[in-house]
Amino acid sequence: MKAKDIRELTEDELKKKLNDSKDELFKLRFQLATGQLDNQMKLKEVRRNIARMKTIIRQRELGIG
């Protein structure tokens, strides 16, 4: 998900997507630990999306973006 797309979301949508992404990251880590994860790049992608969402939430709190 691109930052441009994330910025277009409302606060509630953004928080819901963040929670969903955190759940997905947990499941991916569990799959990695049990040896069931096929695409390890998915972990990196989900972590970056979480970071983008947190950054945009913080920018909105500070009134920057």
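User: Happy to look at this one with you. Which residue's side chain meets that of E45 in a salt bridge at 3.8 Å, N to O?

Analyst: Glad to help, and please keep in mind that this is a predicted model. E45 is partly exposed, with a relative accessible area of 40%. Its salt-bridge partner sits three residues away in helix α3, so about one helical turn separates the two. The side chain that meets E45 at 3.8 Å is that of K42.

User: With which other residue does K42 appear in a salt bridge, the closest N and O atoms being 3.6 Å apart?

Analyst: K42 is partly exposed, with a relative accessible area of 28%. The partner at 3.6 Å is E24. That glutamate lies in helix α2 while K42 lies in helix α3, so the pair ties together parts 18 residues apart in sequence. The name you want, then, is E24.

User: Which residues do the salt bridges with shared partners join into one network?

Analyst: Start from the two pairs: K42 meets E45 in one salt bridge, and E24 forms another with K42. E24 is partly exposed, at 30% relative accessible area. Shared partners make these bridges one network, and its members are E24, K42 and E45.

User: Let's turn to D20 and K16. In which helix do both lie?

Analyst: Their side chains meet in a salt bridge, 3.3 Å from N to O. The two residues are four apart, about one turn of the helix. The element that holds both is helix α2, residues 11–34.

User: Is K16 buried or exposed?

Analyst: The cut-off for exposed is over 50% relative accessible area, with partly exposed lying between that and the buried range. D20, its salt-bridge partner, has 39% and therefore counts as partly exposed. K16 has 54%, so the class of K16 is exposed.

User: How many salt bridges does the structure hold?

Analyst: We have already met several, among them D20 with K16 and E24 with K42. As a general point, side chains of opposite charge can pair when their charged atoms come close. For the structure, the count of salt bridges is five.

User: Which helix gives the most to the positive patch on the surface?

Analyst: The patch gathers K2, R29, K44, R47, R48 and R52. R52, for one, is found in helix α3. Its relative accessible area is 33%, which means R52 is partly exposed. With four residues in the patch, the top contributor is helix α3.

User: How far apart are the mean positions of the positive and negative charges of the chain?

Analyst: The chain has 17 positive and 11 negative charges. One place where positive charge gathers is the surface patch that includes K44 and R47. Between the mean positions of the two kinds of charge, the separation is 6 Å.

User: Now for the interior. What is the relative accessible area of M53, and is the residue buried or exposed?

Analyst: M53 has its place in helix α3. Leaving aside neighbours within four places in sequence, it is in contact with I6, L14, K17, L18 and S21. Its C-alpha atom is 8.6 Å from that of R7, although 46 residues separate the two along the chain. M53 is buried, and its relative accessible area is 2%.

User: Which residues does S21 contact, leaving aside its neighbours within four places in sequence?

Analyst: S21 is found in helix α2. At 11% relative accessibility it counts as buried, because the cut-off is under 20%. Its contacts outside the excluded neighbours are V46, I50 and M53.

User: What separation do the C-alpha atoms of G35 and E11 have?

Analyst: G35 lies in the loop between α2 and α3. At 62% relative accessibility, G35 counts as exposed. G35 and E11 are 24 residues apart along the chain, and their C-alpha atoms are separated by 36 Å.

User: To finish with the whole chain, what share of the contacts with a separation of 6 or more comes from residues 24 or more positions apart?

Analyst: The chain has three helices and zero strands, running α-α-α from the N terminus. Its C-alpha atoms fill a box of roughly 45 × 20 × 15 Å along the principal axes. Buried residues make up 23% of the 65 residues. Of the contacts you ask about, the share is 59%.

Note on methods:
Residues are numbered from 1 along each chain as its sequence is written. This is a predicted model: local features need pLDDT of at least 70, side-chain atom pairs count only at pLDDT 80 or more; totals for chains, interfaces and linings use all residues. Side-chain values use heavy atoms; hydrogens and water are left out. Patches are made of residues with over 30% relative accessible area and no salt bridge: like charges are joined within 9 Å, nonpolar side chains (Val, Leu, Ile, Met, Phe, Trp, Tyr) within 5 Å. Accessible areas come from the Shrake-Rupley method with a 1.4 Å probe; for residues, only the protein chains shown count as cover. A salt bridge is a side-chain nitrogen of Lys or Arg within 4 Å of a carboxyl oxygen of Asp or Glu. Lys and Arg count as positive and Asp and Glu as negative; His and the chain ends are not counted. The place of a charge is taken as NZ of Lys, CZ of Arg, CG of Asp or CD of Glu. Buried means under 20% relative accessible area, exposed over 50%, partly exposed in between (1.4 Å probe, protein chains only). Contact means heavy atoms within 4.5 Å.
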